Amino acid sequence: MRVSILQFFAVFASLVSVGIAALSNDQLQNLVKGQGTKKVLTITDDNFAEILNGPRDYHIVVLLTSESSQINCVLCKEFRPEYELLANSWVQDHPNGLTEKELEVEEDFTGIPPKNIYFFYSEFMQSRNFFQIFQLNSIPKVFHFPPSDKAGPNNFIKEVKEYQFFQGQHSELLRSWIADQTGLKVNLYVPTDYYRIAVNFIGLVSILLLVRRFKKQVIQIITSRFLWSGFSLISILLLTTGYMFNQIRAVPYMRAHENGKLEYFIQGQQNQMGVETQIVSFIYGILSLLFVVLIKKVPEIKNSTVLFIAVAIVSVLIFIFYSLLLCVFSLKGMGYPYRFINFF
């Protein structure tokens with residue numbers, strides 16, 4: 001009876017030790033080697049305890065995200081390829097983990113022996129319990145779990161460090177953050193996109209063949225004064241009405257209020273909406289067209305009566321649209337004193 005009790009406690013102790021022990025470094029290396037071209041391992045509700053609980057002799061980086069259509073996370077879909085690029089680049093340099101030379105150099109420099117890095121991916125639809133542990137309100141999230149000698153269920157919650165998302169190239173920002181957390185440099189290797197190269201080559205060859213086939217027509221188009229003057233005029237109108245400002249600031253197209261009212265203009269020279277550029281560009285375009293008609297086309301009229309009527313009509317239209325432009329200026333700056341017709 002005494003022997004059976006001792007055996008029971010031995011079996012129980014072994015099961016507990018297995019339940020709180022993390023995977024070894026060699027086990028993770030074998031899993032990475034069996035991943036194929038993508039070296040990101042998968043973590044789910046079924047295996048997160050086995051991976052994160054217990055002592056760990058390595059760094060773990062986990063991307064918690066979702067590409068489900070129900071969640072429709074745009075940043076998740078944008079960030080995952082950058083994350084996988086970083087993981088693949090690390091494994092490309094370290095197919096068998098850190099080399100003995102790297103271990104010696106790093107240990108001499110820092111005094112602390114470096115550890116391998118393993119990259120994991122967790123999909124919300126298969127890891128709801130795992131996500132719930134961190135009480136997440138938004139995704140994606142990137143967590144770093146440093147090497148640990150502590151054993152116990154969910155002890156990793158106290159050790160986690162979170163990556164903060166910023167605007168910029170995700171792979172570069174994440175690479176810098178991982179270097180800060182682990183002390184290890186990750187080189188980026190962007191794979192060659194042969195499909196894009198082939199498409200660009202075929203497109204270039206096609207354009208060259210068309211240019212050669214229609215050489216005279218192409219030369220006429222390129223040397224056309226009308227084409228270049230129109231292109232120049234459109235470019236000037238876009239740039240003077242704030243198109244580049246909209247692109248840099250990523251301004252909204254228009255503002256909708258709670259009562260359903262739409263606002264097309266914002267006061268102040270440092271504030272603008274996308275629709276403002278279109279409205280002001282249209283006004284400037286009409287004024288430019290009327291001015292060109294007045295000085296180029298109207299003088300060609302031979303009949304004096306028709307000439308007088310044409311000059312009067314074009315002049316009135318210029319007056320009306322210029323009055324509209326002054327009203328827009330007064331909306332942007334309340335102290336602007338000049339107006340002709342008060343439209344609003």
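A polar contact is a pair of N or O atoms within 3.5 Å. With that in hand, let's explore this predicted model through a few exercises.

**Exercise 1. Find which residue shares a side-chain polar contact with E159, and decide whether E159 is buried or exposed.**

Solution.
- Start by locating the residue: E159 sits in the loop between strand 4 (141-145) and strand 5 (161-162).
- Next, look at its surroundings. Beyond the neighbours within four places in sequence, E159 touches R56, H144, P146, S148 and K150.
- One of these is the partner we want: the side chains of E159 and S148 are joined by a polar contact of 2.6 Å.
- Finally, check the accessibility. Buried means under 20% relative accessible area, and E159 has 14%, so E159 counts as buried.

**Exercise 2. Test whether the span of helix 10 agrees or disagrees with its number of residues.**

Solution.
- Helix 10 covers residues 225-240, which is 16 residues.
- The expected span is 1.5 Å times one less than the number of residues, so helix 10 should span 22 Å.
- The C-alpha atoms at its ends are 22 Å apart, so the two values agree.
- Now look at both ends. At the N-terminal end, S224 acts as a cap, with a side-chain oxygen 3.4 Å from the backbone nitrogen of F226. After the helix comes G242, which has a positive phi near 100°.

**Exercise 3. Work out which residues belong to the salt-bridge network around E84.**

Solution.
- Begin with K38 and E84: they form a salt bridge, and their closest N and O atoms are 3.8 Å apart. This pair links distant parts of the chain, since K38 is in the loop between helix 2 (25-33) and strand 1 (41-42), while E84 is in helix 4 (residues 74-93), 46 residues away.
- Compare their accessibility: K38 is partly exposed at 46%, whereas E84 is buried at 10%.
- Then find another partner of E84. R80 forms a salt bridge with E84, with the closest N and O atoms 2.9 Å apart. Both lie in helix 4, four residues apart, about one turn of the helix. Residues three or four places apart in an α-helix point the same way, because there are 3.6 residues a turn.
- Put the shared partners together: K38, E67, R80 and E84 make up one network.

**Exercise 4. Explain why the salt bridge between D57 and K115 ties together separate parts of the chain.**

Solution.
- The closest N and O atoms of D57 and K115 are 2.7 Å apart.
- D57 is in the loop between helix 3 (48-52) and strand 2 (59-65), and K115 is in the loop between helix 5 (100-110) and strand 3 (117-123), so the pair connects parts 58 residues apart in sequence.

Notes
Residues are numbered from 1 along each chain as its sequence is written. This is a predicted model: local features need pLDDT of at least 70, side-chain atom pairs count only at pLDDT 80 or more; totals for chains, interfaces and linings use all residues. Side-chain values use heavy atoms; hydrogens and water are left out. Helices (H or I, at least four residues) and strands (E, at least two) are DSSP runs, numbered from the N terminus. Buried means under 20% relative accessible area, exposed over 50%, partly exposed in between (1.4 Å probe, protein chains only). A polar contact is a pair of N or O atoms within 3.5 Å; within protein, one must be able to donate a hydrogen and the other to accept it, and residues adjacent in sequence count only if both atoms are side-chain atoms. Contact means heavy atoms within 4.5 Å. A salt bridge is a side-chain nitrogen of Lys or Arg within 4 Å of a carboxyl oxygen of Asp or Glu.
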